[in-house]
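Here is a short briefing to read alongside the model. Take a moment to turn the structure around first, and then we can go through it topic by topic.

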Amino acid sequence: MRSIACCVCGTVFSVDDNVYAARLRDGKTFYCPNGQGQSFAESDASQIKKLKRQLADAHNTNQWWENHARHLRNEVVHLQHVAAGMKGRLVQEIRKGKPELL
Ligand SMILES: [Zn+2]
């Protein structure tokens with residue numbers, strides 16, 4: 001059990017350890033015996049840690065999309081070469097007199 005003093009009326013009351021840990025983790029509201037809502041504010045260190053994690057995730061996502069875009073650009077260049085080669089072979093076949101290819 002944890003003892004907590006209500007931040008509004010000052011009443012000291014006990015909270016089960018599991019509930020205390022859960023509210024500390026999720027920031028949800030719990031109530032003093034007089035019905036006043038309480039919640040734990042996220043610490044600056046915790047907010048900074050969370051923001052750093054989000055920044056790292058965003059960086060990784062950005063990196064993935066940049067790699068994907070580079071791969072697609074290479075694929076386009078490759079397909080343009082393939083298409084140019086096919087066009088060249090088709091022109092050669094037509095010049096050899098294979099009108100069925102037209
Ligand atoms: Zn209270």
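In what order do the elements of the protein run from the N terminus on? The order is β-β-α-β-β-α, which comes to two helices and four strands. Please keep in mind that this is a predicted model. The points below start with the overall form and then move along the chain.

**Overall form**

- The radius of gyration of the protein is 33 Å, whereas a compact globule of 102 residues would have one near 13 Å.
- Taken along the principal axes, the box filled by the C-alpha atoms is roughly 100 × 25 × 20 Å.
- Burial is easy to summarise here: buried residues make up 0% of the 102 residues in the protein.
- Among the contacts with a separation of 6 or more, 17% are between residues 24 or more positions apart.

**Domains**

- The protein is divided into two parts, with domain 1 covering 2-38 and domain 2 covering 52-101.
- Between the C-alpha centres of domain 1 and domain 2 there are 60 Å.

**The β1-β2 hairpin**

- Strand β1 takes in residues 2-5 and strand β2 residues 12-15, and the two pair in the antiparallel sense over four bridges.
- Together β1 and β2 form a hairpin, with six residues between them.
- In the turn of this hairpin, glycine 10 has a positive phi of about 85 degrees.

**Two residues of β1 to look at**

- Isoleucine 4 lies in strand β1, where it stands opposite phenylalanine 13 in β2.
- Is isoleucine 4 buried or partly exposed? It counts as partly exposed, because it has 17 C-beta neighbours inside 10 Å and a buried residue would need 20 or more.
- Once neighbours within four places in sequence are left aside, isoleucine 4 is in contact with Phe13 and Val15.
- Isoleucine 4 and glutamine 54 are 50 residues apart along the chain, and their C-alpha atoms are separated by 32 Å.
- Alanine 5 is also found in strand β1, and it counts as exposed because it has 12 C-beta neighbours inside 10 Å.
- With neighbours within four places in sequence again left aside, the contacts of alanine 5 are with Gly10 and Val12; Gly10 is the glycine of the turn with the positive phi.
- For a view along the chain, try alanine 5 and glutamate 93: they are 88 residues apart in the chain, and 90 Å separate their C-alpha atoms.

**Helix α1**

- Why does helix α1 lie largely in the open? Of its 10 residues (residues 17-26), the number buried is zero, so the helix has that open setting.
- Glycine 27 comes just after α1 and takes a positive phi of about 70 degrees.

**Helix α2**

- Helix α2 has 52 residues (residues 44-95).
- How far does α2 reach from its first C-alpha to its last? The span is 76 Å, close to the 76 Å expected at 1.5 Å a residue.
- α2 is hardly covered, as the count of buried residues among its 52 residues is zero.
- Just after α2 there is glycine 97, with a positive phi of about 90 degrees.

Conventions
Residues are numbered from 1 along each chain as its sequence is written. This is a predicted model: local features need pLDDT of at least 70, side-chain atom pairs count only at pLDDT 80 or more; totals for chains, interfaces and linings use all residues. The radius of gyration is taken over C-alpha atoms; the globule rule is 2.2 Å times the number of residues to the power 0.38. Two residues are in contact if their C-beta atoms, placed from the backbone, lie within 7 Å. Domain bounds come from an automatic or database domain assignment. Two strands pair if DSSP finds at least two bridges between them. The expected span of a helix is 1.5 Å times one less than its number of residues.
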